[in-house]
Structures are given as C-alpha cells and as structure tokens.
Amino acid sequence: MLPEGTQKEQIVVDLEPGSEWRFESEADENIAIRVLSHEPVFINSEELPLATWYPIHRYTKGAIYSPTQARVEVTSLPASQYTSTSTIHPQLLNVHLALERTRLLARRYLLSSITNAEGIQRGPRVMVMGPPSSGKTTIVKNLVNLALSSGMGWTVGVGGLDPSSPSNLIPGTLSLSTPSHPIPTHHLAHPFGSPPTSTPSNTLSADIPTIGWWLGGLEPSNKNAEVWKALVDRMGQEWNKRCETDKTALASGLIMDTSSAFTNPLLATKKDDPKARYTLVSQAVDAFDIDTILVIGHEKLHIDLSRLPSLQSKGVNVVRIPKSGGVVDLDDQARELVHSFQIRSYFYGEPPLPIEISNLMGKMVGIDGSLNPYSFQIGWETLVVLRVGEENSAPSSALPLGSSRTLSPTRLTRVDPSGPAHVVRLLNTVLAIVDIKPEDRIKSDKKPKIEEVKTEGEEIEGQEEEEEEEDMEEVPFVEEIGTREVLGFIVITAIDAQKKKYTILSPSPGKLPSTVAIAGSIEWVDSA
Ligand SMILES: Nc1ncnc2c1ncn2[C@@H]1O[C@H](COP(=O)(O)OP(=O)(O)OP(=O)(O)O)[C@@H](O)[C@H]1O
C-alpha cells in the first residue's frame with residue numbers, strides 16, 4: 001500500500017491499429033488491465049469491458065489485441081512485455097467468417113429447410129493441429145470466442161483432444177464442453193473456462209457444462225492407442241447424440257483442440273498395417289465427422305494431411321494458418337506448473353484475487369469463488385481402484401513360449417493396494433470416478449463390496465468385521481466402464497497400510513457419487 005497522499009504513477013500502453021501487446025507474467029507478477037479508450041480491445045477475442053479492471057494472474061501468458069488505435073492501463077509492467085504489429089488476428093477473422101457463413105447456412109437449412117448451393121446442412125466441425133507450443137489452444141479459444149461474441153446465440157462445442165491441456169478439467173482427460181459466453185483469460189488454470197463441478201456459479205468464467213473421459217495420461221501413445229480410440233469414439237457418439245436433439249448445437253458446430261502427438265505420422269500405426277499414417281487423426285475425423293483441419297505453420301504436416309487418402313475420400317478441407325510470433329515455447333517445468341495449477345483449481349476453485357489487485361480503486365470484473373475441498377478416509381476394499389489397458393498387464397515376454405496375448409486392449413485390472421508396489425504407486429494419484437449401473441456388475445459368487453461412503457472422516461462401518469476376504473484381483477465389472485464418461489476426480493493424499501485406508505481429497509463434501517475409480521499416471525502433490 002502506498003502512503004497516504006502518494007499518487008501511484010499511471011502506466012499506459014498505447015496500441016497502434018492492428019497491434020497486440022504481449023505479456024508473460026512471472027511467479028510474482030499479478031497485474032490488472034483496464035481499457036481507457038472507447039475502441040474495443042480484446043484478449044483472445046473476448047472484448048475487455050470498458051473502464052473495468054481485468055485481473056491477470058501470475059504465470060499467465062497472452063496478448064491484448066486492438067483492431068484500432070487504443071489505450072489500456074496496467075497496474076504494473078511484467079518483466080517480459082512488448083507490442084507487435086505482426087498478429088494473426090486478420091487470418092483468424094477470415095477463418096471465423098468462413099465458419100460463420102457455414103453456421104448461418106446450416107441454421108437456415110435446419111430451422112427453415114432453406115437449402116443452399118453447397119448442400120450445407122450442419123455447422124462447421126474443425127480440428128486444430130500443430131506441433132507443441134504452436135498456439136493450438138489459443139487458436140481454438142479465439143475461434144470459440146469469436147463465435148460466442150457474434151450475438152447469434154451459438155453454442156459451439158469445444159472438444160479437448162489434448163489431455164495435456166484439457167479444455168477445462170484435469171490433465172489426463174479428454175473433454176467436451178459447450179460454453180455459451182466468451183471464455184476469459186485471467187489465469188492459466190482452465191484455458192477454456194472452469195467446469196461447473198469445480199466452481200460455484202459466478203459472473204465470469206464458470207458454468208461451462210463439460211463432460212470428461214479419462215485417459216489417465218498426457219498424450220496418446222502406441223501403448224494407450226486402443227484406449228484412446230475407445231474414448232474418442234465415445235466422445236463422438238456423445239456429440240452426435242447431442243446434435244440429434246439440439247439444432248443450435250448442430251448449426252454452431254465444433255472446434256477441437258488436439259494433442260501435438262497427432263503430428264507424428266506413425267503414431268498408433270500397427271504391425272499388421274505398417275503403411276497406415278496418422279491413424280488417430282483419421283479416427284478422430286471419423287468419430288466427429290470433421291470437415292476442416294487447421295494446421296498451424298507446419299508445411300509438411302499440411303501437405304501430408306492434404307494427401308492422406310482417408311481424409312481425401314471424406315472431402316476434408318486441410319487449411320494452413322500461420323503460427324503467431326507471440327506464442328511462448330513452454331518447457332517441461334512450465335507445463336508441470338500448469339498441470340499442477342489445473343488440478344489445484346479443480347479442487348480449490350479459482351485462485352483468489354491477489355492483494356495487490358483486490359485493493360484497486362474502480363470497478364473490477366466479477367470473479368469466481370473458491371471451493372472448500374474435503375478430505376476423508378475410505379477403506380481399501382470400499383474404493384475399487386482399477387486401471388485400464390494393455391499397459392497394465394504383464395509384458396508379452398512374460399508369456400509362455402509360443403503363446404500370444406489375446407487380452408482385450410481395454411481390459412480392466414484391479415489395483416491390489418496390499419501389494420507394497422501398488423501402495424507406493426497409488427499415493428498422490430489422481431483417480432477418475434466412474435458411474436456404475438447395476439447391469440455393469442459381472443455376476444460372481446463373491447460379490448464386490450460397494451458401500452456407501454461415510455463423510456466427515458468417519459470409520460467405514462462394518463469394514464473391520466468383514467470375515468470373508470475379498471479377492472482383490474477380481475474385476476467385478478464389465479470392461480466398458482473403463483472408457484465411460486467420468487463423474488469427477490479425487491486424489492489419494494495418504495495411505496494407511498495398517499488400517500487399510502486411503503485418505504481422499506474430493507472437491508466437495510458428501511459421499512462419493514460412486515466407489516469405483518480409475519487410476520492413470522497423473523499424480524498431484526499440493527505445493528501451493
Ligand atoms: N500472440 C500471443 N502472445 C503472447 N502469448 C501467446 C500468444 N499466443 C499464444 N500465447 C501463449 O503461448 C503459450 C502456448 O500457446 P498454446 O497453449 O496455445 O499452444 P499449444 O500449441 O496449444 O501448446 P501445447 O503444446 O501445450 O498443446 C500459451 O501460454 C499462450 O497463452
């Protein structure tokens with residue numbers, strides 16, 4: 001706080017027409033921005049409100065774009081900041097206008113049966129591809145925000161096929177969300193807004209309905225390719241189901257972020273079809289009926305995809321757009337930090353406004369509230385922890401000579417916490433909770449013990465008295481539950497091997513919606 005009577009010097013950034021002010025805020029740099037002039041100014045195509053402070057939390061990287069001459073005030077200048085007139089906004093606007101035209105024609109067809117020369121009957125379905133740190137997420141966000149700001153009432157679907165930068169859930173998840181208002185860029189936790197499950201309703205970013213599917217890893221690989229395919233198929237079915245009943249969603253279309261692993265032509269190529277290329281790209285195109293692929297920068301990828309027979313036969317339009325000069329190359333440490341932030345804000349809600357910003361004079365945009373996560377103990381036998389996929393089964397070399405594996409690639413393995421290796425592996429593990437219906441149970445003599453979870457850290461009644469030891473190896477559920485949409489996430493924060501109990505962190509109090517959880521390779525330790 002400044003001593004009374006001292007006037008803090010006003011810091012003003014003047015923006016030339018068509019320029020952007022780029023910033024990278026560091027660990028101790030929380031800033032706020034407000035627009036002083038009457039011309040519109042945008043952050044990732046979300047218009048900043050006039051004369052209202054817009055907070056930007058530490059570690060955020062981004063750019064403020066102004067199509068005309070404009071002035072913004074900042075509370076302090078981050079160490080790394082500059083203005084540039086080389087922006088890709090005009091190209092993004094061109095792409096947006098083409099998509100908007102498709103949406104309008106689709107809506108006329110769907111609502112009034114007015115046909116068009118091109119035979120457009122539904123909105124655009126776009127997939128954005130590019131190498132790591134090429135600006136994929138930023139471009140998706142801009143295109144979504146441009147559509148949501150158009151005043152046409154679109155409800156564009158946002159597909160997250162990049163589990164390392166999940167649209168608005170936890171790293172390791174594939175997601176589908178349908179925002180109805182422009183998505184803000186005030187912190188790096190949720191690039192596409194916060195899921196309603198983790199944040200109370202508010203005025204700025206939350207309340208974005210989101211469905212998630214758990215890969216449990218940060219990218220598709222040859223090892224998890226079959227699980228990935230099953231998840232993507234399910235996502236595609238979900239999207240198509242929605243479009244069958246919701247004409248606005250069908251006309252609004254879908255914009256999809258993808259993993260940078262998609263740029264690897266040999267990803268998921270199998271020995272029995274060695275010539276197959278971009279297998280997972282073709283599969284995603286099929287699952288979502290994608291009609292346009294935007295390739296950022298990468299010339300070879302653009303040519304490869306333009307010539308790919310599976311895409312050519314479907315008439316997929318492959319368009320190359322330039323990479324923004326402002327995109328920041330994120331190293332492993334920065335990525336880990338983002339993941340940790342994302343998981344933390346899933347449980348604790350949006351970070352509170354830093355003191356240096358919350359004390360500002362003048363209007364401030366509405367911000368999300370924090371959450372009160374909840375910790376409790378649950379018995380090993382009560383919480384059934386499973387893993388999905390071949391990765392978790394014994395290596396082929398361990399099989400008897402001459403025999404080959406006939407196991408399903410999406411098979412379930414139950415984690416037996418009594419094995420010392422498992423206990424160590426489960427500590428700090430993020431688990432996805434899956435819904436179990438009565439018909440998912442495989443009938444067996446020994447029934448799985450699925451209990452109600454008691455809250456407030458109480459003992460789970462009756463557990464100690466249980467005489468018959470359950471077979472911890474047995475998976476009492478159909479395989480399909482492993483690739484089902486998830487209900488939420490928990491973290492195992494401690495393990496008591498003597499009492500055979502896990503301590504669990506859950507985003508909200510009350511009993512768990514299900515006691516069947518899927519583990520992956522995502523871990524989290526709260527270091528905030
Ligand atoms: N024009 C810009 N000015 C400043 N920063 C930018 C600009 N465009 C993107 N960034 C920042 O660069 C970083 C990387 O961009 P982004 O996350 O969009 O890339 P990506 O290709 O999706 O990355 P990933 O490899 O994680 O999938 C992000 O922090 C983003 O905010």
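## Helix α5 and its surroundings

Ala287 is found in helix α5. That residue makes a handy starting point for a walk through this model, which is predicted. Ala287 is buried, because 20 other C-beta atoms lie within 10 Å of its own, and 20 is just what the cut-off for a buried residue asks for. Leaving aside residues up to four places away in sequence, Ala287 touches Val232, Asp233, Met235 and Gly236. Leu93, by contrast, is 194 residues from Ala287 in sequence and 27 Å from it in space, C-alpha to C-alpha.

**The helix around Ala287**

How much of helix α5 is buried? Of its 10 residues (279-288), 7 are buried, so the helix is largely enclosed by the rest of the structure. The buried residues are Leu280, Val281, Ser282, Ala284, Val285, Ala287 and Phe288. They pack against β10 (125-129), β11 (157-161), α3, β14 (254-258) and α7 (309-312). Just past the helix comes Asp289, with a positive phi near 55°.

The loop before the helix deserves a look too. Most residues other than glycine have a negative phi. Yet both Ala268 and Tyr278 go the other way: phi of Ala268 is near 70°, and phi of Tyr278 is near 50°. Ala268 lies in the loop between β14 and α5, and Tyr278 is found in the loop between β14 and α5 as well. Ala268 counts as buried because it has 22 C-beta neighbours inside 10 Å; Tyr278 counts as buried with 24.

For a contrast, turn to Asn359, in the loop between α9 (355-358) and β17 (374-379). Asn359 has 9 C-beta neighbours inside 10 Å, so it counts as exposed. Asn359 and Tyr65 are 294 residues apart in sequence, and their C-alpha atoms are 26 Å apart in space.

Here are these residues side by side:

| Residue | C-beta neighbours inside 10 Å | Class |
|---|---|---|
| Ala268 | 22 | buried |
| Tyr278 | 24 | buried |
| Ala287 | 20 | buried |
| Asn359 | 9 | exposed |

**The cores**

Ala284 of α5 is buried, and it leads us to the largest nonpolar core. That core has 106 residues, and Leu143, Ala284, Leu431 and Ala517 are those with the most contacts inside it. Helix α3 (residues 225-245) gives the most to this core, with 9 residues. Why does the core lie between the two domains? Domain 1 (89-321) and domain 2 (374-393 + 407-523) both give residues to it, so it lies between them. Ala284 itself touches Met127, Leu161, Val232 and Ile290, again not counting residues up to four places away in sequence. Another core lies apart from this one; it has 19 residues, including Trp21, Phe23, Ala32 and Ala70.

**Where the domains meet**

The protein chain is divided into domain 1 (89-321) and domain 2 (374-393 + 407-523). Between them, 19 residues of domain 1 are in contact with 19 residues of domain 2. On the side of domain 1 that touches domain 2, β13 (210-214) and α3 are the elements that give two or more residues. The largest share, 5 residues, comes from α3. By class, this side of domain 1 has 9 nonpolar, 7 polar and 3 charged residues.

**Around the ligand**

Which residues come nearest to the ligand? Ala63, Lys136, Thr137, Thr138 and Gly326 do, out of 22 residues around it. At least two residues of this shell come from each of β2 (19-24), β7 (61-66) and α2 (136-148). The shell divides into 5 nonpolar, 12 polar and 5 charged residues.

UniProt, in an unreviewed entry, places the feature "domain: Clp1 N-terminal" at residues 15-104. Over residues 15-104 the chain is 18% helix and 39% strand, and the C-alpha atoms at the two ends are 33 Å apart.

**The chain as a whole**

Stepping back, the secondary structure of the protein chain comes to 10 helices and 23 strands. Of its 528 residues, 46% count as buried. Among contacts in the protein chain with a separation of 6 or more, 78% are between residues 24 or more positions apart.

Methods. Residues numbered from 1 in each chain as written. Predicted model: local features only at pLDDT ≥ 70, side-chain atom pairs only at ≥ 80, totals over all residues. Core = buried A, V, L, I, M, F, W, Y, C linked by C-beta atoms within 7 Å. Buried ≥ 20, exposed ≤ 12 C-beta atoms within 10 Å, placed from the backbone. Helix = DSSP H or I, 4+ residues; strand = E, 2+ residues; numbered from the N terminus. Domains from an automatic or database assignment. Contact = placed C-beta atoms within 7 Å. Near = placed C-beta within 6 Å. Nonpolar A, V, L, I, M, F, W, Y, C, P; charged D, E, K, R; others polar. UniProt positions renumbered as here; feature names shortened; annotations may be inferred.
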